[in-house]
Each structure stands twice: as C-alpha cells, then as structure tokens.
Amino acid sequence: MPELSALAKRVKAYRKNIKKSQFELSNEIGISTEELSLIEREKANPTLNTMQKIAAHMGITVSELLETEVQ
C-alpha cells in the first residue's frame, strides 16, 4: 500500500530530523516502541487513533501524514 510506505518514510524521517530514538518518540506520542518500529518498517496497519497521535505530534493532519504525492 503506497500510504503505508509514505507513512513509514515520513515518520522515520521526522524522528531522525528531531534526533529522537524510537523509544523517546514513542513515549512522547503515547504508543509502544514496538508499534513505532513496525510502522517505520511498513509492518503495521496503525489505527486512526494512532495516526492522529503521530500527526498531532508532527503538527500535520492525518491526510498529510498519508500523502503519497508531493504537492
């Protein structure tokens, strides 16, 4: 699914940009480190609630989080 790939790349790039470990970022977002790892590796299909938490932390919308084309 292209959306999962976009999500994975965007989350991983964001985490590296803010220089946080998966443990640190997952604690800030309120999800498990395992779930964040699975998302970054395209192995998870996160719930809407999880995507909302991630998007809110990043300061973007869920739509932007899943966006597959650069505007």
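Biologist: Why is glutamate 42 called partly exposed?
Modeller: Its relative accessible area in this predicted model is 41%. Buried means under 20% and exposed means over 50%. The value 41% falls in between, so glutamate 42 counts as partly exposed.

Biologist: Where is glutamate 42 found?
Modeller: Glutamate 42 sits in the loop between helix 3 and helix 4.

Biologist: What makes the backbone of glutamate 42 worth a look?
Modeller: Its phi is positive, about 60 degrees, although the residue is not a glycine. Most residues other than glycine have a negative phi.

Biologist: Which lysine also has a positive phi?
Modeller: Lysine 19, with phi near 55 degrees. This lysine lies in the loop between helix 1 and helix 2.

Biologist: Is lysine 19 buried or exposed, and how do you know?
Modeller: The relative accessible area of lysine 19 is 72%. The cut-off for exposed is over 50%. Lysine 19 passes that cut-off, so it is exposed.

Biologist: Why is proline 46 called buried?
Modeller: Its relative accessibility is 8%. Buried means under 20%, so proline 46 qualifies.

Biologist: Where does proline 46 sit, and what does it touch?
Modeller: Proline 46 is in the loop between helix 3 and helix 4. Setting aside neighbours within four places in sequence, it contacts Leu4, Leu7, Ile39 and Met51.

Biologist: How far apart are proline 46 and leucine 4?
Modeller: They are 42 residues apart in sequence. In space, their C-alpha atoms are 9.0 Å apart. Contact is judged on heavy atoms within 4.5 Å. Leu4 is on the contact list of proline 46, so the C-alpha distance is not the test used for contact.

Biologist: What makes the largest nonpolar core a core, and which residues touch the most other members?
Modeller: The members are buried nonpolar residues joined through side-chain atoms within 4.5 Å. There are 15 of them. Leu7, Val11, Ile31, Ile39, Ile54 and Leu65 touch the most other members. Helix 1 (2-17), helix 2 (22-29), helix 3 (33-40) and helix 4 (48-58) each supply at least two residues. In soluble globular proteins, nonpolar side chains tend to be buried together.

Biologist: Which residues does valine 11 contact?
Modeller: Leu36, Glu40, Ile54 and Leu65, leaving aside neighbours within four places in sequence.

Biologist: Why is threonine 33 called partly exposed?
Modeller: Threonine 33 has a relative accessible area of 29%. Under 20% would be buried, and over 50% would be exposed. The value 29% is in between, so partly exposed is the right term.

Biologist: What surrounds threonine 33?
Modeller: Threonine 33 belongs to helix 3. It touches Gln22, Phe23 and Ser26, not counting residues up to four places away in sequence. Glutamine 22 is 11 residues away in sequence and 5.9 Å away, C-alpha to C-alpha.

Biologist: What makes glutamate 3 partly exposed?
Modeller: Its relative accessible area of 31% does. That lies between the 20% and 50% limits.

Biologist: Which residues does glutamate 3 touch?
Modeller: Glutamate 3, in helix 1, touches Leu66 and Thr68, with residues up to four places away in sequence not counted. Its C-alpha and that of glutamate 69 are separated by 9.9 Å, at 66 residues apart along the chain.

Biologist: How do you know that the chain is as compact as a globular protein of its length?
Modeller: Start with its make-up: 5 helices and 0 strands. The radius of gyration is 11 Å, and the globule rule gives 11 Å for 71 residues. The two are close, so the chain is as compact as a globular protein of that length. The C-alpha trace spans about 30 × 20 × 20 Å along its principal axes.

Biologist: How many of the contacts with a separation of 6 or more join residues 24 or more positions apart?
Modeller: They account for 52% of those contacts.

Biologist: How much of the chain is buried?
Modeller: Buried residues make up 34% of the 71. The accessible surface is about 4500 Å², with 50% belonging to carbon and sulfur atoms.

Conventions. Residues are numbered from 1 along each chain as its sequence is written. This is a predicted model: local features need pLDDT of at least 70, side-chain atom pairs count only at pLDDT 80 or more; totals for chains, interfaces and linings use all residues. Side-chain values use heavy atoms; hydrogens and water are left out. Helices (H or I, at least four residues) and strands (E, at least two) are DSSP runs, numbered from the N terminus. The radius of gyration is taken over C-alpha atoms; the globule rule is 2.2 Å times the number of residues to the power 0.38. Buried means under 20% relative accessible area, exposed over 50%, partly exposed in between (1.4 Å probe, protein chains only). Accessible areas come from the Shrake-Rupley method with a 1.4 Å probe; for residues, only the protein chains shown count as cover.
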